[in-house]
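This report introduces a protein chain to a reader who has not met it before. Please keep the sequence and the structure in view while reading.

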Amino acid sequence: MSAPGAERPAERPEVAARPSVAFADRLGTRLTLLLLIVVLVLAAATAVLLWRGLDALVVARAGVDGVAPEALGAVLRSSLVNLVVVVAVTLVAAAAFSRSLFVEPIARLTEATRALAAGDRTVRLRLGDRSELGELARSFDAMADALAEAQDRLEARVTARTAELRALLALSNTIAVTTDLEPLLAAVLDRLEASGAGAAAEIVEGDGSGATVRLAVRGGLAADPDLDPRALPVEGRVAAGVLALPLRVRERSVGALRVAAPEAADWDEERRRLVAAIAAQAAVAIENVRLYERARDEAADDERRHLARELHDSVSQALYAIVLGGHAAQKHVERDPDKARRALDTVVELAEAALAEMRALIFELRPEALADVGLAAALHRQLDGLELRHKLATDRALDALPDLPFAHQQTLLRVVQEALHNVVKHARAQRVAVRASVVADTDTGDYGGLRLEVADDGVGFDPVGPFPGHLGLTSMRERLADVGGRLDIESARGAGTVLRAHLPIAPLALDAGGDRP
């Protein structure tokens, strides 16, 4: 990329006053001379011929012997013919002279003007004439040279701007896909260095109170202890050859970019414009990383709260029951060994349930485990935990599950988890069944859909009225809609509930996965 400031808009040149054309070279002088010559030639020829004719007439009237009337007529006719010839030759000579003097130069100038207007930058007249037309031709050549130079400068500037835009686009793409601040700011300073806009630079972040923290530096630029990004004007400030620009996002200052100008260079509009564009990218980079960090921290806090709630609702209570069972076994171990054994059996069952609960929680906290074991194994684990924790009988038919993209597997797992959660919390069921099957498309007859069914024998509900767990059903519908699926519900009070998740699948998944009906 060319350094900014290397090409500046050319100042409009002053039109130099050309020296006046010599009197003898002027078109008016030449035209006047041509007319005088024509008039003199015609006048001389006419005078000679009239003299000859008058002489013959005088001789005839004087009765000179030997002069016949026929000879007199011949003399007169000859004089008239000579006059016509002289006039014709004079006019032809005048036309030829005027053509070379006026017509041909004007025709060349017209043709060259049309060629230049059509985009031919190489056309030139190169007339050596010293008249006004010659001066006009030389002016045309100078204008064509100036236009060619201006177009070359414009093309060079367009090329430089295109390179700058491509560089800024590449920097923007880097910012969009990178969440680590250090390589982002390094990329910003690399782009600044590659542009040639500065010899040294630093990026600082403001803490909101006026203090700054140096995030990145290039070229050994000395820090400015008095720098306050909030006090910088939008257009920046130049001091001792260093330009300080605020890094602003949504009308809020997040830091500053300080750049030292290269040696023997000043901060012209071109250079400042480029540095301002790079500063805007640096501001976006800092803001994106800080937003990502806040979102990550909030997600971690939400996950901790969720884990604490789940531990309190399940594992904590199970451990408390284990402690109570252990104490009971201790009390009866000597006086009533049978009660002690029964208490210990209860403790073992509670410990197994707590272990299953912990495994389920760990699985929820590690979604990447789904990619390791697959959807069918993950559903089996969920049902195993359901049996141990809640004493529900389970029926399973998951052999028909085909290979699916990870996003689809994750969606179906979350839907089944939410459905099982509703069964435990609201259905008061004794048995739950999870079945998977590949079904035909009723429109085309192709086997292109997966149906995953969760059915229970609980109390049921009215799907069209208000009921507990409706927010969970809304979440399930939204999850399936995101991957092109849908959710159907069949339920009635006292008749249990059946949830069917339908998901379109590709033929390749069918070939790699389960059986067709």
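The text below goes from the chain as a whole to its sheet, its helices and a few single residues.

## The chain as a whole

The model described here is predicted. Its chain holds 11 helices and 10 strands. Of the 517 residues in the chain, 35% are buried. Taking the contacts between residues at least 6 apart in sequence, 63% join residues that are at least 24 apart.

## The five-stranded sheet

An open sheet is formed by 5 strands, which follow the order E2-E1-E5-E4-E3 with antiparallel pairing. Its edges are taken by strand E2 (212-218) and strand E3 (237-239); each has a single partner strand, so one side of each is left without a neighbour in the sheet. From one strand to the next, the twist averages 20°. As a general point, the strands of a sheet pair through backbone hydrogen bonds, in either a parallel or an antiparallel way.

Strand E1 covers residues 200-206. Of the 7 residues of E1, 6 are buried, so this strand is largely enclosed by the rest of the structure. E1 pairs with E2 in the antiparallel sense over 6 bridges, and one bridge partnership there is that of Gly 206 with Thr 212 in E2. These two strands form a hairpin, with 5 residues between them. Within the turn, Gly 208 has a positive phi of about 90°.

E1 is also joined to E5 by 6 bridges, and these two strands run antiparallel. Here Ile 203 stands opposite Leu 257 in E5. Strand E5 (residues 252-260) in turn pairs with strand E4 (residues 242-249) over 8 bridges, again in the antiparallel sense. In E5, Gly 255 is the residue that stands opposite Leu 247.

## Helices H3 and H4

Which strands does helix H4 lie across? Helix H4 (residues 181-195) lies across E1, E2 and E5, and it runs at about 50° to E2.

H4 also packs with helix H3 (residues 132-177), at an angle of about 175° and with the two axes 10 Å apart. This angle makes H3 roughly antiparallel to H4, because angles over 145 degrees count as such. On the H3 side, the residues that meet H4 are Ala 167, Leu 171, Thr 174 and Ile 175. Their counterparts in H4 are Leu 184, Ala 187, Val 188 and Arg 191. The residues of this contact divide into 6 nonpolar, 1 polar and 1 charged.

## Single residues

Four residues from other elements are set out in the table with their accessibility.

| Residue | Element | Relative accessible area | Class |
|---|---|---|---|
| Thr 411 | helix H9 (residues 406-427) | 11% | buried |
| His 502 | strand E10 (residues 497-504) | 12% | buried |
| Ala 351 | helix H6 (residues 337-365) | 34% | partly exposed |
| Ala 371 | helix H7 (residues 368-373) | 53% | exposed |

The case of His 502 comes first. His 502 counts as buried because its relative accessibility is 12%, and buried means under 20%. Which residue shares a polar contact with the side chain of His 502? The partner is Asp 488, whose side chain is joined to that of His 502 by a polar contact of 3.1 Å. Leaving aside neighbours within four places in sequence, His 502 is in contact with Leu 450, Arg 451, Gly 485, Arg 486 and Asp 488.

Thr 411, in helix H9, is buried as well, with a relative accessible area of 11%. When neighbours within four places in sequence are left aside, Thr 411 is in contact with Arg 479, Leu 480 and Val 483.

The two alanines have other levels of accessibility. Ala 351 in helix H6 is partly exposed, as its relative accessible area is 34%. Ala 351 and Ile 322 lie 29 residues apart in sequence, and their C-alpha atoms are 6.8 Å apart in space. Ala 371 in helix H7 counts as exposed, because its relative accessibility is 53% and exposed means over 50%. From Ala 371 to Ala 407 there are 36 residues in sequence and 9.9 Å in space, C-alpha to C-alpha.

Technical notes. Residues numbered from 1 in each chain as written. Predicted model: local features only at pLDDT ≥ 70, side-chain atom pairs only at ≥ 80, totals over all residues. Heavy atoms only, no water. Helix = DSSP H or I, 4+ residues; strand = E, 2+ residues; numbered from the N terminus. Buried < 20%, exposed > 50% of the residue type's maximum accessible area, 1.4 Å probe, protein only. Polar contact = N/O pair within 3.5 Å; in protein donor to acceptor, adjacent residues only side chain to side chain. Contact = heavy atoms within 4.5 Å. Pairing = 2+ DSSP bridges. Axes fitted to C-alpha atoms, helices over the stretch in contact; angles between N-to-C directions. Parallel < 35°, antiparallel > 145°, perpendicular 65-115°, else oblique. Nonpolar A, V, L, I, M, F, W, Y, C, P; charged D, E, K, R; others polar.
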